[in-house]
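Colleague: I am new to this structure and should be grateful for a guided reading. May we take its features in turn?

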Amino acid sequence: MLLGNAIIVIVSAGILGVGLIFAIRIIRILRNYGQARPWIVLSILISFFSLGYIFTALRFLNINLMPGATLDGLVTAIFFFGAVFVLILAVLNRNLFANIFGTTINDSKAIDLFADYVGMPVMNLAALIRPAYSVTCDICQQRVKYSIPDIVRTHPRLDRGVEIEKTTGEVIYKFYVRHYCNREYREMPVRHDHKFEYLSTGSSRLV
Ligand SMILES: [Zn+2]
């Protein structure tokens, strides 16, 4: 029975090891963008879990590496850090999905955030912007409707959805309008003048 337990725990440690390889690959991708820290924490947790599993498996085989530590204490620690692990993973996934599919904030909150980002009083901004704009997709030729609150919702990090260009004293806003196009998300860069009137559009890019 205990040998069976030891085998299952060792197999579990192996599965964790594969998980660790994937976590390290994610770190390699994210470190180029300065976003790797939460995954480094997760990798450290996975490493501790692996050590805990190996320690437990050896206990089942009557090999005691740390006589001071009890199995109960170890299980309690694994429960606690397991919960921390799930919480970090849930927050990271929530942020990731918000970046892909957008957030659900209402129009007035979105306009508040936008006004803050462009440094303009909300009243002035509300008087300038239109309820909706539209642009033709360069790939599927569909007319895509968008509004400024839409831009805010689809870009939780507004600096990725709105670029402010200040050339020769005139302010130009470049919005990245997200559009589901032929089973993939694309973003079209659309330029607006200082009164938020449509100016021009450029080539879309894959999200
Ligand atoms: Zn399209």
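The dialogue below goes from the overall fold to helix packing and then to single residues.

Colleague: What should I know before I begin, and how many helices and strands are there in the protein?

Modeller: This is a predicted model. The protein has six helices and seven strands. Read from the N terminus, the order of the elements is α-α-α-α-α-β-β-α-β-β-β-β-β.

Colleague: How is the radius of gyration of the protein to be read against the globule rule?

Modeller: The general idea is to set the computed radius beside the value that the rule gives for the chain length. Here the radius of gyration is 25 Å, well over the 17 Å from the globule rule for 207 residues, so the protein is more spread out than a compact globule. The C-alpha trace spans about 75 × 35 × 30 Å along the principal axes.

Colleague: What percentage of the residues is buried, and what share of the contacts joins residues at least 24 apart?

Modeller: Of the 207 residues, 15% are buried. As for contacts between residues at least 6 apart in sequence, 47% of them join residues at least 24 apart.

Colleague: Let us turn to the helices. At what angle do the axes of α1 and α2 cross?

Modeller: Two packed helices are described by the angle between their axes and the distance between the axes. Helix α1 covers residues 2-30 and helix α2 covers residues 37-60; their axes come within 9 Å and cross at roughly 165°. Angles over 145 degrees count as roughly antiparallel, and α1 and α2 are therefore roughly antiparallel to each other. The crossing in which α1 passes α2 is left-handed. Sorted by class, the residues in this contact are 21 nonpolar and eight polar, with no charged residues.

Colleague: How do α2 and α3 pack, in angle and in distance?

Modeller: Helix α3 spans residues 71-101, and α2 packs with α3 at an angle of about 155°, the axes being 10 Å apart. These two helices, α2 and α3, are therefore also roughly antiparallel to each other. Again the crossing is left-handed, with α2 passing α3.

Colleague: Which residues of α2 and α3 meet?

Modeller: On the α2 side, Pro38, Val41, Leu42, Leu45, Phe48, Phe49, Gly52, Phe55, Thr56 and Arg59 take part. They meet Leu71, Leu74, Ala77, Ile78, Phe81, Phe85, Ile88, Leu89 and Leu92 in α3. By class, this contact has 16 nonpolar, two polar and one charged residues.

Colleague: Phe55 appears in that list. Is Phe55 exposed, partly exposed or buried?

Modeller: A residue is judged by how many other C-beta atoms lie within 10 Å of its own, and 20 or more are needed for it to count as buried. Phe55, found in helix α2, has 18 other C-beta atoms within 10 Å and is therefore partly exposed. Leaving aside residues up to four places away in sequence, Phe55 touches Leu65, Met66 and Leu74. Phe55 and Val9 are 46 residues apart in sequence, and their C-alpha atoms are 9.6 Å apart in space.

Colleague: Where does Leu65 lie, and which residues is Leu65 in contact with?

Modeller: Leu65 lies in the loop between α2 and α3. Beyond its neighbours within four places in sequence, Leu65 is in contact with Phe55 and Leu58. The C-alpha atoms of Leu65 and Phe55 are separated by 7.0 Å, the two residues being ten apart along the chain. Leu65 has 10 C-beta neighbours inside 10 Å, so it counts as exposed.

Colleague: Which residues does Cys140 touch?

Modeller: Cys140 lies in the loop between β1 (133-136) and β2 (143-146). Not counting residues up to four places away in sequence, Cys140 touches Cys181 and Asn182. Cys140 and Cys181 are 41 residues apart in sequence, yet 6.9 Å apart in space, C-alpha to C-alpha. With 13 C-beta neighbours inside 10 Å, Cys140 counts as partly exposed.

Colleague: What is the phi of Asn182, and what is the phi of Arg183?

Modeller: The phi of Asn182 is near 50°, a positive value in a residue other than glycine. Arg183 is not a glycine either, and has a positive phi of about 65°. Asn182 lies in the loop between β4 (170-181) and β5 (184-192), and Arg183 lies in the loop between β4 and β5. Asn182 is exposed, with 8 other C-beta atoms within 10 Å, and Arg183 counts as exposed with 5 C-beta neighbours inside 10 Å.

Key:
Residues numbered from 1 in each chain as written. Predicted model: local features only at pLDDT ≥ 70, side-chain atom pairs only at ≥ 80, totals over all residues. Axes fitted to C-alpha atoms, helices over the stretch in contact; angles between N-to-C directions. Helix = DSSP H or I, 4+ residues; strand = E, 2+ residues; numbered from the N terminus. Parallel < 35°, antiparallel > 145°, perpendicular 65-115°, else oblique. Left-handed = near helix turned anticlockwise from the far one by under 90°. Nonpolar A, V, L, I, M, F, W, Y, C, P; charged D, E, K, R; others polar. Rg over C-alpha atoms; globule rule 2.2 N^0.38 Å. Buried ≥ 20, exposed ≤ 12 C-beta atoms within 10 Å, placed from the backbone. Contact = placed C-beta atoms within 7 Å.
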